[in-house]
Amino acid sequence: MLANILPKLRNTTSLCRYFSSALTTNENIEPRHLQYPSVYQKPRQIWVENLDSIDERKLGLIELHPTVFAANPRIDIIHQNVRWQQLYRYVSYAHTKLKFEVRGGGRKPWPQKGLGKARHSSIRSPLWKGGGIAHGPRSPTPHFYMLPFYTRINGLTSTLSIKFAQDDLHVVDNLELPTDEKSFLEELVKSRNWGPSVLFVDDTDIMPRNITAATDEIKHINLMPVYGLNVYSMLKYETLVITRSAIDLIESKILENLNRNDDKTFTGKYKVNQV
């Protein structure tokens, strides 16, 4: 059979297309319909892998939107997102006392006139040793600020594009494992060269039982719902494994926000009830 086919496939490109089409038609992987198709970029393709066995098996090819997974990697925007995430959960507890909070200082140290000394009203003045501190830190001091809306969106697209370009992004059909033993998941990650740390992302926060029990005892493998996906976590874990349903949800949410016409609501000054 191959002797009849190979002469027709004169280059490696046609050979890859043939085998990819053959794999795609053999599995039940339906093609994806991309929203807001790009005029200037072609869709990117990625394999859908399995998790039901340690041996890797390609289930088929799907297309990814280039606006989300092939964006220009803005390192400065990624740094802004990481810095923002580090600071909004940081609270400084450094605390100094004012002059009315320290001990003593009830009486005037010496008379106002007659001794030739400078005038003082209390030994707890900031001018005195052991006195209060003027303009010192007062706890708790939050460092929260809100990053602009589209800076957060572009941070997600830049990080996803970098993960895809570095071959650290993998798509699976689902997160179902045949067993809840952590040794199975560790061997699977090791055999597929997924790196020392892996983040699994699904479209729901109710994960399958087996993978939940397996990752509960492994510190460097974690689960995350798609609504919690963020730049800091994607950089913290070397490999990003996303289900196909989560890919659909990520693309729809990001493309919806990039193409909306009521952006003035989100680009204005931050308010507490703002998304």
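The exercises below, each with a worked solution, deal with a predicted model of one protein chain.

**Exercise 1. The chain as a whole**

Task: State how many helices and strands the chain has, and what share of its residues count as buried.

Solution. Start with the secondary structure: the chain holds 10 helices and eight strands. Next, take the cut-off for burial, a relative accessible area under 20%. Of the 275 residues, 39% count as buried. Then turn to the surface, where the chain exposes about 17,500 Å², with carbon and sulfur atoms supplying 53% of it. Last, look at contacts between residues at least 6 apart in sequence: 73% of them join residues at least 24 apart.

**Exercise 2. The loop between strand 3 and strand 4**

Task: Find the cis peptide bond at Pro140, then describe the backbone of His135 and the surroundings of Thr96.

Solution. First, locate the residues. Pro140 lies in the loop between strand 3 (91-92) and strand 4 (141-142). His135 belongs to this loop between strand 3 and strand 4, and Thr96 is found there too.

Second, read the backbone angles. The peptide bond running from Ser139 to Pro140 is cis, and its omega is near -10°. His135 has a phi near 60°, a positive value in a residue other than glycine.

Third, decide on burial. His135 has a relative accessible area of 83%; exposed means over 50%, so His135 is exposed. Thr96 stands at 18% relative accessibility and therefore counts as buried, the limit being under 20%.

Fourth, list the partners of Thr96. With neighbours within four places in sequence left aside, Thr96 is in contact with Glu101, Ile133, Gly136, Pro137 and Arg138.

**Exercise 3. Helix 6**

Task: Which residues of helix 6 are buried, and what do they pack against?

Solution. Begin with the helix, which spans residues 182-191; Phe184, Leu185, Leu188 and Val189 are buried in it. These residues cover an arc of only 130° around the axis, so they sit on the same side of helix 6. Now look across from the buried residues of helix 6: they pack against strand 6 (198-202), helix 7 (209-215) and strand 7 (221-225). Finally, check the end of the helix. Just after helix 6, Asn193 takes a positive phi of about 55°.

**Exercise 4. Aromatic pairs**

Task: Classify the ring pair of Phe149 and Tyr150, and that of Trp194 and Phe200.

Solution. A pair of aromatic rings is described by the distance of the centres and the angle of the planes. Centres must lie within 6.5 Å for a pair, and planes over 60 degrees apart count as edge-to-face. By this rule, the count is four aromatic pairs. For Phe149 and Tyr150, the centres are 5.1 Å apart and the planes stand at 85°, so this pair is edge-to-face. For Trp194 and Phe200, the centres are 6.3 Å apart and the planes stand at 65°, so this pair is edge-to-face. As for burial, Phe149 counts as buried at 9% relative accessibility. Trp194 and Phe200 are buried as well.

**Exercise 5. Residues at the surface**

Task: Is Asp167 buried or exposed, and which residues make the nonpolar surface patch?

Solution. Asp167 lies in the loop between helix 5 (149-165) and strand 5 (169-172). Its relative accessible area is 55%, so Asp167 is exposed. Asp167 has a positive phi of about 60° although it is not a glycine. The nonpolar patch, of about 280 Å², is made by Tyr88, Phe144 and Tyr270. Of these, Phe144 is found in the loop between strand 4 and helix 5. With a relative accessible area of 44%, Phe144 is partly exposed.

Methods. Residues numbered from 1 in each chain as written. Predicted model: local features only at pLDDT ≥ 70, side-chain atom pairs only at ≥ 80, totals over all residues. Heavy atoms only, no water. Helix = DSSP H or I, 4+ residues; strand = E, 2+ residues; numbered from the N terminus. Buried < 20%, exposed > 50% of the residue type's maximum accessible area, 1.4 Å probe, protein only. Patch = residues over 30% accessible without salt bridge, like charges linked within 9 Å, V, L, I, M, F, W, Y side chains within 5 Å. Areas by Shrake-Rupley, 256 points an atom, 1.4 Å probe, with all protein chains shown as cover. Salt bridge = Lys/Arg side-chain N within 4 Å of Asp/Glu carboxyl O. Arc of directions from axis to C-beta. Contact = heavy atoms within 4.5 Å. Phe/Tyr/Trp six-rings, centres within 6.5 Å; stacked < 30°, edge-to-face > 60°.
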